[in-house]
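Work through these exercises with the model open. Try each task before you read its solution.

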Amino acid sequence: MQRHLISAADLTRDDAVLILDTAEEMARVADRPIKKLPTLRGRTVVNLFFEDSTRTRISFEAAEKRLSADVINFTAKGSSVSKGESLKDTAQTLEAMGVDAVVIRHGASGAPYRLATSGWIDAHVINAGDGTHQHPTQALLDAFTMRRRLVGRDAGLGKDLSGRRITVVGDVLHSRVARSNVDLLHTLGAEVTLVAPPTLLPVGVDTWPCEVSYDLDSVLTKSDAVMMLRVQRERMNAAFFPTEREYSRRYGLDGDRMARMPEHAIVMHPGPMVRGMEITAEVADSDRCTVIEQVANGVSVRMAVLYLLLGGNEPAFTPARTTEEK
């Protein structure tokens with residue numbers, strides 16, 4: 001593992017499989033009466049969130065606490081950032097406090113990279129989402145969920161997603177989740193197809209390691225997993241499609257479309273979902289939808305990332321001592 005986790009594109013196949021396999025070990029902790037490991041005892045992790053978040057922030061906090069780290073939560077609202085403090089000054093303040101790792105979410109693409117390479121702070125940096133650029137732990141938990149569902153919990157250990165066909169549907173233009181998933185799934189051997197109206201595809205998408213389609217119905221029958229993306233209105237400054245009704249008719253996933261998918265295929269969504277827009281309530285509440293699983297798996301994956309970056313020289317689990325050793 002490298003010192004920081006900034007982009008899914010930075011991970012090799014071996015890196016990604018190591019994280020997924022370690023996450024399987026971490027998932028066992030959730031089955032224990034006491035969901036704690038002493039791995040990061042004495043380490044301090046700061047959650048530095050400049051954008052609103054529910055799932056990611058709580059997931060990271062849960063992962064950190066399950067590894068026994070000391071956790072500091074920072075939000076831009078109510079901090080000196082609202083008074084005009086720069087990222088550099090915030091970082092140097094954290095450095096003075098001796099933090100070991102920073103989990104950062106920022107509205108500006110490239111902010112985590114700047115923090116990691118500027119010399120402002122001598123701590124591990126984990127990107128929890130930067131602008132429309134990257135969200136590597138989301139891609140990892142999505143791949144973890146796919147491997148568990150499509151390959152098997154135990155059968156998937158040490159394996160990637162070679163030969164699997166993944167379809168990502170929706171607002172690709174504004175989605176850091178789409179970019180991260182394309183990078184990571186390609187590294188893991190999957191075949192990715194992006195489906196969106198032309199106005200919601202970024203310039204240069206033809207250079208990405210994936211296929212592009214404008215017709216959702218044509219790709220559903222050969223998809224192992226279909227990931228629906230939310231239309232990110234908060235990042236839009238123009239009209240990218242005529243009406244919500246037309247968008248939903250062309251690119252929304254309803255019960256009829258789900259019925260055309262292969263029996264083993266799953267439906268995914270990074271959240272938050274807009275029911276009735278990109279996904280209907282019938283699909284969102286079906287057994288084939290993995291949204292809640294993704295949230296649970298996110299804690300295990302983030303535990304794995306924190307463990308490998310901060311405590312990877314020690315075993316994740318201490319083997320029970322034998323009678324002779326005692």
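**Exercise 1.** Which residues does His135 touch, not counting residues up to four places away in sequence?

*Solution.* Keep in mind that this is a predicted model. Start by finding His135 in the loop between β4 (124-130) and α5 (136-150). Next, list its contacts: Thr56, Arg105, Asn127, Ala128, Gly129, Arg176, Val177, Ser180 and Arg302. Then look at the side chains of His135 and Arg105, which a polar contact of 3.2 Å joins.

**Exercise 2.** Decide whether His135 and Gln138 are buried or exposed.

*Solution.* Buried means under 20% relative accessible area. His135 has 2%, so it is buried. Gln138 has 7%, so it is buried too. Gln138 sits in helix α5. Beyond its neighbours within four places in sequence, Gln138 contacts Val177, Pro270, Gln294 and Arg302.

**Exercise 3.** Find where the residues annotated as "binding site" lie.

*Solution.* First, take the list from the unreviewed UniProt entry: Arg55, Thr56, Arg105, His135, Gln138, Gly271 and Pro272. Now check the largest pocket. Its lining includes Arg55, Thr56, Arg105, His135, Gln138, Gly271 and Pro272.

**Exercise 4.** Explain why the largest nonpolar core lies between two domains.

*Solution.* Begin with the core's 82 residues, of which Leu140, Met146 and Leu184 touch the most other members. Helix α11 (residues 291-310) gives the most, with 10 residues. Domain 1 (6-133 + 292-309) and domain 2 (134-289) both contribute residues, so the core lies between them. Finally, trace Leu184: leaving out residues up to four places away in sequence, Leu184 touches Ala8, Leu11, Ala16, Ala139, Leu140 and Ala143.

Key
Residues are numbered from 1 along each chain as its sequence is written. This is a predicted model: local features need pLDDT of at least 70, side-chain atom pairs count only at pLDDT 80 or more; totals for chains, interfaces and linings use all residues. Side-chain values use heavy atoms; hydrogens and water are left out. UniProt positions are given in the numbering used here, feature names are shortened, and annotations may be inferred rather than shown by experiment. On a 1 Å grid over the protein atoms alone, a cavity is a set of points where a 1.4 Å probe fits but cannot get out, and a pocket is an open set with protein on both sides within 12 Å along at least five of seven lines; lining residues have an atom within 4 Å of a point. Helices (H or I, at least four residues) and strands (E, at least two) are DSSP runs, numbered from the N terminus. Buried means under 20% relative accessible area, exposed over 50%, partly exposed in between (1.4 Å probe, protein chains only). Contact means heavy atoms within 4.5 Å. A polar contact is a pair of N or O atoms within 3.5 Å; within protein, one must be able to donate a hydrogen and the other to accept it, and residues adjacent in sequence count only if both atoms are side-chain atoms. A nonpolar core is a set of buried Ala, Val, Leu, Ile, Met, Phe, Trp, Tyr and Cys residues joined through side-chain atoms within 4.5 Å. Domain bounds come from an automatic or database domain assignment.
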